[in-house]
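Work through the following exercises with the model open beside the text. Each task is followed by a solution in steps.

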Amino acid sequence: MENNNTFAEMYSEYLRDESRQTGMAESISFPKTEEEIISDLKKCVYKNMEITTQGARTGLAASAVPFGGHIINLSKMNKVTGARYEKESGRFFLKVQPGVLLTEVRKYLTNKSFVTLDWDEQSREALNYMEKNQWFYSTDPTEISASIGGMTACNASGAKSFRYGSTRDHVESLRVVLADGDILSLRRGQCMARDGHFELVTESGRTIKGELPKYKMPHVRKNTSGYYNKPHMDMIDLFIGADGTLGIISEIEIELSKKQAANWGVTVFMPDEDKALDLVRVARGEKVFEDMEALSLKPSAIEFFSHNALEMLKVQQKTNSAFASIQEIKDVYHTAVYIEIENDSDDEIWKGIDCLGTCIEKLGGDEDATWVANNPTSLEKLHSFRHACPECVNMQIDIAKKTDSRITKLGTDMSVPDDKLKEVMKMYNEDIKKNNLHAVIFGHVGNNHLHVNTIPRNMEEYKRGKELYLTWAEKIAAMGGAVSAEHGVGKLKVPFLQKMYSKEELDEMRSLKKLFDHTQLLNRGAVFPFEKGEDI
Amino acid sequence: MANISIIKEKCVGCKKCVGACPFGAIDIKDKKADINEKCTLCGSCADSCKFHAINFVRDEIVQKDLSSYRGIWVFAEQRYGKLKTVSFELFAKARDLSERLEVPVTAVLLGNNIKNLAQELCAYGADEVLVMEAEWLDDFNDHVYGEVMIQLINEYKPEIVLIGATSNGRSLAPHISSTLRTGLTADCTVLEADKGERLLLQTRPAFGGNLMATIVCPNNRPQMATVRPKVFKPLVPDYTKTGKITILPVPSPIESFVKKIRNIDNEEGANLSDADIIVSVGRGIGSEKNIQLAQELADSLGGALGSSRPVVDQGWMPYSQQVGQTGKTVAPKIYIACGISGAIQHLAGLADIETIVAINIDPDAPIFKVANYCIVGDVREILPLLTKEIREAKK
Amino acid sequence: MKIIVCIKQVPGTNEVKMDPTTNTIIRENVASIINPFDTYAIEEAVRIKERYGAEIYGLSMGIPAASEMLREAISLKIDKAMLLTDRKFAGADTLATSYALSRGVEKIGAYDLIICGKQATDGDTAQVGPSLAKTLGIAYATDISKIIELNYGFMRCMKITDDGYEEIEIKLPALITVVKEINMPRLPSIKSMRNAKSAEIEIVTSKDAAADENRTGLKGSPTQVRKTFVPVHDVNSIYISGSTEEQSKKLAEILLGKES
């Protein structure tokens with residue numbers, strides 16, 4: 001462990017993450033093995049020091065920002081340690097250390113360039129079944145320099161989670177180092193809860209018995225708000241999306257997906273927001289009008305750009321050279337929906353797109369007001385158009401920051417059930433207008449999961465925006481929605497979760513944490529507020 | 001008509017020709033090679049076949065008498081009475097060729113009030129200078145200059161014409177070659193002469209530099225080639241050297257359908273092509289604002305800032321600073337590649353460089369294969385430290 | 001007015017991997033695409049059409065499969081397309097290509113403007129545009145970055161040069177080659193793709209185009225490829241190791257040593 005007077009100076013970058021919050025710490029360590037994690041943990045517990053676990057610090061909910069104590073940074077545990085191929089089912093798995101970055105995994109898979117020196121025989125043999133650039137890891141957060149460990153800790157997802165689900169759906173096994181240095185090795189399907197009761201056996205042979213909370217999770221397509229909880233759940237799911245509060249993940253086995261031969265994207269510009277939302281419903285298979293043919297395509301992503309988002313991009317495109325290369329937005333374009341489709345054949349996709357065109361016209365849109373990408377180069381153009389949204393927002397926040405350094409990004413991450421999509425949009429629009437704020441809305445509309453980004457021009461607007469978010473958390477909880485859909489609760493959104501779950505329900509979560517980490521040293525203050533327990 | 005075919009009896013299906021074909025035009029069917037429609041009749045496969053199983057027949061061409069064509073010409077491009085440096089570079093190469101072919105090197109100098117430049121051309125290697133001065137030749141015009149060149153070539157019959165691949169040269173050369181219906185090879189990087197056949201062997205990058213092709217023009221004259229600036233090194237000028245300077249009679253003015261209204265010149269800045277030290281940034285720099293880190297290093301070293309194509313495509317740097325196949329060819333003493341992976345297209349823009357330094361986070365980046373000094377690391381961390389070291393040392 | 005856009009089919013990537021032991025080409029199945037520079041030519045023609053009204057012909061010389069590429073060009077909103085395809089065209093250098101294209105242009109007839117991309121990414125010669133203009137006997141200007149004004153009889157535009165820009169005026173009919181600064185090519189729409197699916201591509205042989213066989217293909221090409229080879233980079237690389245501070249210090253010493 002390294003500890004000295006100028007800690008804050010030397011390790012200042014480790015006191016921050018992408019949430020742009022800055023914390024403090026006393027020491028940091030960079031374990032390279034599971035044994036080193038255990039030894040670091042034991043030292044901390046001995047000194048009663050809080051522990052913050054870090055991956056690549058790309059999180060947006062300040063989960064990796066320390067507020068005192070010690071930092072365990074896993075960036076040096078960055079190896080892919082094995083592979084597994086199930087011939088019967090044709091499933092492919094990779095075993096990775098938590099600090100491996102998503103970009104690295106992608107690079108290895110594209111070029112099939114794994115470093116197999118330390119792999120066992122079985123893993124090397126599995127690789128013989130892998131063709132270059134044929135497999136991918138389907139979770140696709142915008143921040144591709146995220147670590148797999150971090151993604152698992154917050155159950156990250158991305159645009160394509162509409163089709164592929166979130167991290168949870170692709171984690172096959174986990175090794176978790178508990179606060180006392182004991183280890184839980186969890187494999188999917190092998191440790192199921194029964195009627196809200198569970199029993200887990202650690203590597204040292206200790207049995208942890210417990211009761212699951214009573215609260216029900218919201219019925220939404222995407223959720224990372226608090227601990228995963230179902231009476232008959234697979235216990236591995238408790239540790240996915242737990243924001244590092246239950247243990248430190250030391251190894252993950254992820255399942256890969258097979259690449260499909262054809263991948264198209266289409267950005268559709270609709271004449272108003274309501275029609276755009278109807279198109280979203282069409283794209284995800286709802287029957288929006290009579291005589292509607294069922295859409296034969298199954299999108300992997302459905303994304304949304306509000307009118308203001310398009311206007312923002314339009315201005316940037318003309319004035320900022322960094323955005324000069326995005327596609328030209330015509331003045332008649334009002335609101336946009338982006339749909340991405342994967343299939344084995346281009347012809348199949350075209351059939352779906354052709355049908356989509358007919359629906360667009362029926363909804364009052366213009367099928368000529370579309371951008372179709374049917375090859376990797378043009379798809380990349382649509383992707384950079386999509387990514388330009390958050391980039392533009394960040395840029396404008398940086399400008400606002402010059403008026404007051406306390407201003408940070410104000411983006412929501414809430415999701416609602418399918419039938420509440422229009423209602424929640426109406427709420428956002430009205431509240432933004434009522435509060436006289438400027439905001440752009442974009443994001444994963446297929447999952448009813450939109451990022452509302454308020455762009456404050458000064459501190460006063462920033463405060464008003466922040467208050468507004470808290471009222472939204474409350475209203476969305478009332479709609480049966482989730483206050484965090486993909487970023488995790490972390491430390492930033494604890495007040496939001498308090499709007500979603502009652503004090504008693506949060507206490508249930510806390511009891512669960514104490515079962516695994518009874519002195520509550522691991523990522524204290526994340527998910528729910530820290531409260532001193534009686535048993536300390 | 002020219003034809004290429006597989007002699008099935010001789011073909012053993014060894015696939016050597018498949019690998020030799022740059023166009024993917026050979027498949028193996030029934031264990032024999034089979035040439036498909038993608039074939040461009042380049043003949044690469046015929047050369048590669050050890051079993052003489054590929055029959056490549058070129059058309060019978062009536063051998064023309066080309067013996068009246070002698071001598072090497074260099075188009076001496078000037079602007080505002082100042083010669084372009086690429087002309088000097090071409091003379092150095094032309095001298096090489098002339099010694100081999102035993103013919104003189106002639107400079108062709110067109111413009112207005114430019115005859116004083118003729119002496120300089122001799123100093124750089126011209127044996128003769130043909131000068132034509134006229135008011136209507138004052139400013140470069142593809143059509144006007146092209147027509148004058150054609151008239152002169154028809155009259156003097158040079159066997160080789162070299163033109164600098166500047167923006168003007170690249171536009172002028174095809175005008176001349178297609179009117180004369182002769183061959184033209186663009187952006188040559190190697191020029192050699194075959195004395196026996198009196199052929200100019202013109203080597204240029206193909207497929208973005210992944211492959212080099214040597215091209216000849218056997219039956220037409222003159223043999224024309226363009227060469228990009230900085231590919232060859234000029235000779236040290238010898239101002240004591242004299243040459244034969246001929247002031248040509250001026251024909252009646254040539255009209256052009258293209259009229260220049262005005263020139264809008266770039267401001268004179270640090271010119272990439274002339275810099276001794278270039279700090280060049282690639283995608284690894286991460287963001288537009290990090291380019292400042294490279295700029296600071298360039299400033300501390302008194303060098304210029306260059307970039308790879310992705311950075312220009314992103315709009316982070318202007319096209320004028322792009323190094324590579326579709327950008328500029330550069331030949332500084334020191335080239336520092338920061339976060340540049342080193343795709344072959346980029347390497348194609350690096351001419352004769354004494355020292356290449358590569359800083360890249362990816363140990364497998366191809367740039368390391370050509371670099372003299374390599375640092376595997378994050379440019380964003382190393383650049384500020386390096387700048388600091390240089391500044392302190394220079395204090 | 002009538003505009004002809006010349007379009008070439010090129011490999012989607014120039015990545016030609018070589019097998020270092022046998023020195024042969026490992027060609028992975030690379031999809032063919034429209035030469036990227038030609039997409040700017042297509043877009044500029046479409047913008048002229050939208051502004052002034054025009055009929056746009058796409059013209060290409062290539063293998064029969066290139067008709068699909070022309071179909072893609074139609075999805076980018078050109079009106080009609082012609083493909084010159086014939087074994088007699090095979091092996092053409094830039095001069096023979098220009099001649100064949102000129103026959104296609106004559107067959108289309110009565111044009112006002114021809115637009116080409118500045119160069120093709122597979123050959124990078126930038127010769128076919130000017131050569132085609134000379135073969136047709138019309139004016140040309142290369143590296144056009146902006147069309148300022150277009151009238152019957154002439155156009156005014158900006159041309160990029162090594163030294164900056166030139167504003168020029170060209171008498172029509174003429175040929176221009178365009179650089180990527182000129183516009184941002186659009187993507188096809190569902191509607192334009194549907195149009196393209198049913199569009200007819202005119203296939204023209206050497207005979208149809210009344211081409212002189214002595215001027216096409218290998219026979220009409222003054223240049224010949226004598227040999228191809230793989231460039232070798234033979235460098236002794238020195239790796240500088242240590243912490244970033246140490247690396248920087250060592251490199252600074254080396255650079256300062258070289259500089260003096």
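**Exercise 1. Give the strand order of the open five-stranded sheet of chain A, and state which strands stand at its edges.**

Solution. In this predicted model, the order of the five strands in chain A is β4-β5-β11-β7-β8, and the pairing is antiparallel. The edges are taken by β4 (80-86) and β8 (183-187) of chain A; each has a single partner strand, so one side of each lacks a neighbour in the sheet. From one strand to the next the twist averages 15 degrees.

Next, take the pairing at one edge. Strand β7 (residues 171-177) of chain A is joined to β8(A) in the antiparallel sense by five bridges. One residue pair fixes the register: Ser173(A) has Arg187(A) in β8(A) as its bridge partner.

Last, look for a helix on the sheet. α2(A) packs there and touches β7 and β11 (248-255) of chain A, and its direction makes about 40 degrees with that of β7(A).

**Exercise 2. State how chain A is divided into domains, and describe the contact of domain 1 with domain 2 of chain A.**

Solution. The domains of chain A are domain 1 (7-73), domain 2 (80-258) and domain 3 (262-478). Between domain 1 and domain 2 of chain A, the C-alpha centres are 22 Å apart. Their contact draws on 14 residues of domain 1 and 19 residues of domain 2 of chain A.

On the domain 1 side, helix α2 (residues 34-47) of chain A gives the most, with six residues. Sorted by class, this side of domain 1 of chain A has six nonpolar, five polar and three charged residues.

**Exercise 3. Describe the packing of α3 and α4 in chain C by angle and distance.**

Solution. Helix α3 (residues 94-108) and helix α4 (residues 128-136) of chain C pack with their axes 8 Å apart, at an angle of about 55 degrees. That angle makes α3(C) oblique to α4(C). The crossing of α3(C) past α4(C) is right-handed.

Now list residues. From α3(C) the contact includes Leu95(C), Leu101(C) and Val105(C), and from α4(C) it includes Val128(C), Leu132(C) and Leu136(C). By class, the residues of this contact are seven nonpolar, six polar and no charged.

**Exercise 4. Which strands make up the open four-stranded sheet that has β14(C) in its order?**

Solution. The order is β12(B)-β13(B)-β14(B)-β14(C), with antiparallel pairing. The edge strands are β12 (190-194) of chain B and β14 (224-229) of chain C, each of which pairs on one side only. The twist here averages 25 degrees from one strand to the next.

Within chain B, β12(B) and strand β13 (residues 199-206) pair in the antiparallel sense over five bridges; Asp194(B) has Leu199(B) in β13(B) as its bridge partner. Across the chains, five bridges join strand β14 (residues 211-216) of chain B to the antiparallel β14(C). There, Ala213(B) has Thr228(C) as its bridge partner.

**Exercise 5. Count the residues that chain C and chain B bring to their contact, then do likewise for chain C and chain A.**

Solution. Chain C brings 74 residues and chain B brings 87 residues. On the chain C side, α6(C) has the largest share, twelve residues. Elements that give two or more residues to this side include α3, α4, β14 and α6 (244-259) of chain C. By class, the side has 29 nonpolar, 22 polar and 23 charged residues.

For the other pair, nine residues of chain C are in contact with 16 residues of chain A. The chain C side consists of five nonpolar, two polar and two charged residues.

Definitions and conventions:
Residues numbered from 1 in each chain as written. Chains lettered and ligands numbered in written order. Predicted model: local features only at pLDDT ≥ 70, side-chain atom pairs only at ≥ 80, totals over all residues. Contact = placed C-beta atoms within 7 Å. Nonpolar A, V, L, I, M, F, W, Y, C, P; charged D, E, K, R; others polar. Axes fitted to C-alpha atoms, helices over the stretch in contact; angles between N-to-C directions. Parallel < 35°, antiparallel > 145°, perpendicular 65-115°, else oblique. Left-handed = near helix turned anticlockwise from the far one by under 90°. Domains from an automatic or database assignment. Pairing = 2+ DSSP bridges.
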